[in-house]
Amino acid sequence: DMSVYAKAAIVVGILFGIHFGIAKFVDANFNMTNLLVSYVSQAVLTALILLALLQIDKKAKEQLGYAFLGLTSAKVILSYVIATQFLFQGTVIAKEIKINFFVAFLIFLCLDAYFVIRLLNKKG
């Protein structure tokens, strides 16, 4: 039986494929690098949050909700920094770049919420 993490990676891969297809359909010359930076940065932040939540779940399960709020807030700030420093450069920022980044952010935010809900509902 496949782990929840492998399933999550497959779902993200499928969503990335759909997102890529739509972006390519809307603009044949869209910037693939920006889309990859969006997804990779969000995947790394989600992985770090998950690792932290798993440790907190072992040591102080009652603090899991607060930790999730704090880590998610930090992720929003880091995402803003990543977006402004690496993606939203130049005098005119393409609306597609913002939309693509926001879509990636929302996908991984849902994944973060899913993982914390699983941890909170786990008996033990």
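The following legends describe close-up views of a predicted model.

**View 1. The largest nonpolar core and the helices that supply it.** This core of the predicted model holds 14 residues, and the members that touch the most others are Val12, Leu35, Tyr39, Ile107, Phe108, Leu111 and Phe115. At least two residues of this core come from each of helix H1 (4–26), helix H2 (32–59) and helix H4 (95–121). Once the neighbours within four places in sequence are set aside, Ile107 is in contact with Val12, Leu15 and Tyr39. A second core, separate from this one, has seven residues, including Ile49, Leu53, Ala67 and Phe68. As general background, nonpolar side chains in soluble globular proteins tend to be buried together.

**View 2. The stacked pair of Phe16 and Phe20.** The count of aromatic pairs in the model comes to seven. In the pair formed by Phe16 and Phe20, which is stacked, the ring centres are 6.4 Å apart and the planes make an angle of 20 degrees. Both residues lie in helix H1, where four residues, about one turn of the helix, separate Phe16 from Phe20. Phe20 is partly exposed, and its relative accessible area is 29%.

**View 3. The edge-to-face pair of Tyr39 and Phe108.** Here the two rings lie 6.1 Å apart, centre to centre, with 75 degrees between their planes, and the pair is edge-to-face. Because Tyr39 belongs to helix H2 and Phe108 to helix H4, the pair ties together parts of the chain that are 69 residues apart in sequence. Tyr39 counts as buried, at 5% relative accessibility, and Phe108 likewise counts as buried, at 4%. Tyr39 and Phe108 also belong to one aromatic cluster, which they form with Phe16, Phe20 and Phe30.

**View 4. A nonpolar patch on the surface.** The residues that form this patch are Met2, Ile10, Val11, Ile14, Leu15, Ile18, Ile22, Phe25 and Val26, and together they have about 890 Å² of accessible area. Val11, one of the residues in the patch, is found in helix H1. With a relative accessible area of 45%, Val11 is partly exposed.

**View 5. Asn34 and its contacts.** Asn34 is found in helix H2, and at 11% relative accessibility this residue counts as buried, because the cut-off for buried is under 20%. Leaving aside the neighbours within four places in sequence, the residues in contact with Asn34 are Phe86, Leu87 and Ile97.

**View 6. The salt-bridge network of Asp57, Lys61 and Lys122.** The model has three salt bridges by count. In one of them Lys61 is joined to Asp57, and the closest N and O atoms are 3.0 Å apart; in another, the side chains of Asp57 and Lys122 meet at 2.7 Å, N to O. Since Asp57 lies in helix H2 while Lys122 lies in the segment after H4, this second pair ties together parts that are 65 residues apart in sequence. Asp57 is buried, with a relative accessible area of 10%, whereas Lys61 counts as partly exposed at 25% relative accessibility and Lys122 counts as partly exposed at 44%.

**View 7. The salt bridge between Asp112 and Lys75.** The closest N and O atoms of Asp112 and Lys75 are 2.7 Å apart in this salt bridge. The pair links distant parts of the chain, as Asp112 is in helix H4 and Lys75 is in helix H3 (residues 64–87), 37 residues apart. Both Asp112 and Lys75 are buried. In the preceding view, by contrast, salt bridges that share partners join Asp57, Lys61 and Lys122 into one network.

**View 8. Leu120 in helix H4.** Leu120 is found in helix H4 and, at 42% relative accessibility, counts as partly exposed. Not counting residues up to four places away in sequence, Leu120 touches Lys61 and Leu64. The C-alpha atoms of Leu120 and Phe20 are separated by 33 Å, and these two residues are 100 residues apart along the chain.

Definitions and conventions: Residues are numbered from 1 along each chain as its sequence is written. This is a predicted model: local features need pLDDT of at least 70, side-chain atom pairs count only at pLDDT 80 or more; totals for chains, interfaces and linings use all residues. Side-chain values use heavy atoms; hydrogens and water are left out. A nonpolar core is a set of buried Ala, Val, Leu, Ile, Met, Phe, Trp, Tyr and Cys residues joined through side-chain atoms within 4.5 Å. Buried means under 20% relative accessible area, exposed over 50%, partly exposed in between (1.4 Å probe, protein chains only). Contact means heavy atoms within 4.5 Å. Rings of Phe, Tyr and Trp (its six-membered ring) pair if their centres lie within 6.5 Å; planes under 30 degrees apart count as stacked, over 60 as edge-to-face and the rest as tilted. Patches are made of residues with over 30% relative accessible area and no salt bridge: like charges are joined within 9 Å, nonpolar side chains (Val, Leu, Ile, Met, Phe, Trp, Tyr) within 5 Å. Accessible areas come from the Shrake-Rupley method with a 1.4 Å probe; for residues, only the protein chains shown count as cover. A salt bridge is a side-chain nitrogen of Lys or Arg within 4 Å of a carboxyl oxygen of Asp or Glu.
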